[in-house]
Protein chains: 2
Amino acid sequence: MSELNAVPAPKKGRPGVDRQYVLDTAVTAFIEFGYDATSMGMIAERLGLSKAAVYHHYPAKAEMLGAALDEALGGLEGVLLEAGAHTGSAEERLSYVLRGAVHILTSRLPYVTLLLRVRGNTDVEREALRRRREFDRSVTALVAAARDEGSVRSDIDPRVVTRLLFGMINSIVEWYRPDGPESADQLANEVLAMALEGLSAT
Amino acid sequence: MSELNAVPAPKKGRPGVDRQYVLDTAVTAFIEFGYDATSMGMIAERLGLSKAAVYHHYPAKAEMLGAALDEALGGLEGVLLEAGAHTGSAEERLSYVLRGAVHILTSRLPYVTLLLRVRGNTDVEREALRRRREFDRSVTALVAAARDEGSVRSDIDPRVVTRLLFGMINSIVEWYRPDGPESADQLANEVLAMALEGLSAT
DNA sequence: TGCATTATTTACCGGTCGTTCAGTTAGTAT
DNA sequence: ATACTAACTGAACGACCGGTAAATAATGCA
């Protein structure tokens with residue numbers, strides 16, 4: 001906890017924009033135009049800097065993407081490490097993880113949005129896809145455990161169930177906006193309700 | 001029925017590849033690398049032709065995308081025109097349309113895959129997004145009607161319900177493969193079951 | 001055979017891309 | 001003042017992009 005949160009800022013040399021601001025500007029542009037269609041020149045323009053200045057903060061365009069994807073994946077993987085993911089029945093653990101995933105989606109919206117658009121055309125993207133599949137595998141195991149427990153329907157393959165579940169959850173990035181009328185907690189409740197009980201009136 | 005299905009092939013002049021083959025090759029590449037990252041040269045290479053030859057069949061890269069998106073949107077809009085979309089209770093009509101959407105997703109998989117990745121950076125993409133939103137609006141109306149009927153839960157906004165529903169359904173393009181072990185009909189049954197009854201054991 | 005028609009190729013254009021490099025500017029520390 | 005350091009600039013690079021023009025090749029038909 002001592003050095004992980006340590007971001008003291010060196011205080012030497014000419015002041016300028018910081019790495020995080022550069023990254024967020026790039027990510028915003030990546031989302032707006034797509035990664036490939038976003039040029040370094042556009043990012044530089046939005047920062048009010050020259051194209052070469054961007055390379056002072058990140059050595060390559062792909063490294064900016066990599067840093068963004070790491071933010072998203074770190075958040076999701078973090079949920080699996082929390083106590084709630086290992087406490088109680090399989091159904092309780094599954095609910096905890098799904099709710100945690102919704103929380104990461106909303107709190108790190110731009111990064112996760114980028115992650116969900118990655119298709120694996122470069123090494124950076126393939127590594128991100130690998131970690132994402134790993135996360136999916138953990139949740140699939142939770143679904144299978146909940147099914148063995150008798151708390152989740154057993155007529156559909158757990159892998160299909162998990163994919164449909166994440167199809168629903170991940171779609172949040174397509175339309176959720178933090179400044180909208182709906183709070184993140186309320187959204188999580190609605191998503192969990194739809195996922196568990198479905199569309200039909202009870 | 002007379003001229004719509006009429007694709008007789010003129011039978012005159014030098015033989016060559018036909019438009020549909022060019023389009024399908026382009027769409028496959030678009031999906032694999034992304035639209036922007038796919039160059040006309042790559043499409044030409046896969047066709048075994050020169051870059052200029054591709055321009056003989058389609059006047060621009062964007063028109064290939066437009067033709068593909070039209071295939072997807074035409075299919076979805078067609079579901080709303082079928083008799084089943086206007087027959088019976090709102091719940092029955094909704095089920096019919098959802099099942100129809102799954103059918104189009106699986107039967108026109110590459111085209112719909114492309115449609116679901118469109119972000120609206122060009123005129124062609126913006127027009128496609130407009131038609132897609134129109135389709136969504138029709139389904140939202142069906143959900144609202146089913147809620148008024150009492151057959152669909154009333155504790156969640158119909159717009160949120162519809163978005164989550166299509167989040168689940170649309171995710172099919174991310175993992176469904178026609179040559180896999182699962183038939184399209186079986187998949188449709190599972191998706192409908194998850195959407196209507198949810199995850200929980202009954 | 002020759003003509004119309006369709007398909008395709010070679011060569012090229014202007015422009016944009018990600019990236020690099022040598023040098024300059026604006027601050028802090030002594 | 002002077003030294004040091006991080007932040008930044010302008011110009012250029014080779015590669016590749018979407019698209020075009022004009023010539024050529026291959027077919028059916030008269």
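How much area is buried between chain A and chain B? About 3,500 Å², and carbon and sulfur atoms give 60% of it. Buried area here is the accessible area, taken with a 1.4 Å probe, that two parts lose on being put together, summed over both. Three residues of chain A stand out. Arg153(A), Leu164(A) and Leu199(A) supply 23% of the area that chain A buries against chain B, more than any other three residues.

Some ground rules. This is a predicted model: local features need pLDDT of at least 70, side-chain atom pairs count only at pLDDT 80 or more, and totals for chains, interfaces and linings use all residues. Residues are numbered from 1 along each chain as its sequence is written, chains are lettered from A and ligands numbered from 1 in the order in which they are written, and side-chain values use heavy atoms, with hydrogens and water left out.

Back to the two chains. The contact takes 35 residues from chain A and 35 residues from chain B. Contact means heavy atoms within 4.5 Å. Of the interface residues of chain A, 100% are also interface residues in chain B, so the copies meet through the same surface.

How do the copies relate? A turn of 180° and a shift of 0.0 Å along the axis lay chain A on chain B with an RMSD of 0.1 Å. The two are thus related as by a two-fold rotation axis. The superposition is by least squares on C-alpha atoms of residues with pLDDT of at least 70 in both.

Now the DNA. Which residues come nearest to DNA strand C? Of the 24 around it, they are Tyr55(A), Lys61(A), Arg14(B), Ser50(B) and His57(B). Sugar and phosphate account for 65% of the strand's atoms that come within 4 Å of the protein. That 4 Å, between heavy atoms of a residue and the strand, is also the cut-off for "near".

Look at the phosphate oxygens of strand C. A polar side-chain atom of Tyr55(A) lies 2.8 Å from one. For Lys61(A), the distance is 2.7 Å. An N or O atom in the side chain of His56(B) is 2.8 Å from a phosphate oxygen as well.

Which helices take part? Helix 3 (51–57) of chain A and helix 3 (51–57) of chain B each supply at least two residues of the surface near strand C. The largest share, four residues, comes from helix 3 of chain B. Helices are DSSP runs of H or I, at least four residues, numbered from the N terminus.

Terms used
A polar contact is a pair of N or O atoms within 3.5 Å; within protein, one must be able to donate a hydrogen and the other to accept it, and residues adjacent in sequence count only if both atoms are side-chain atoms.
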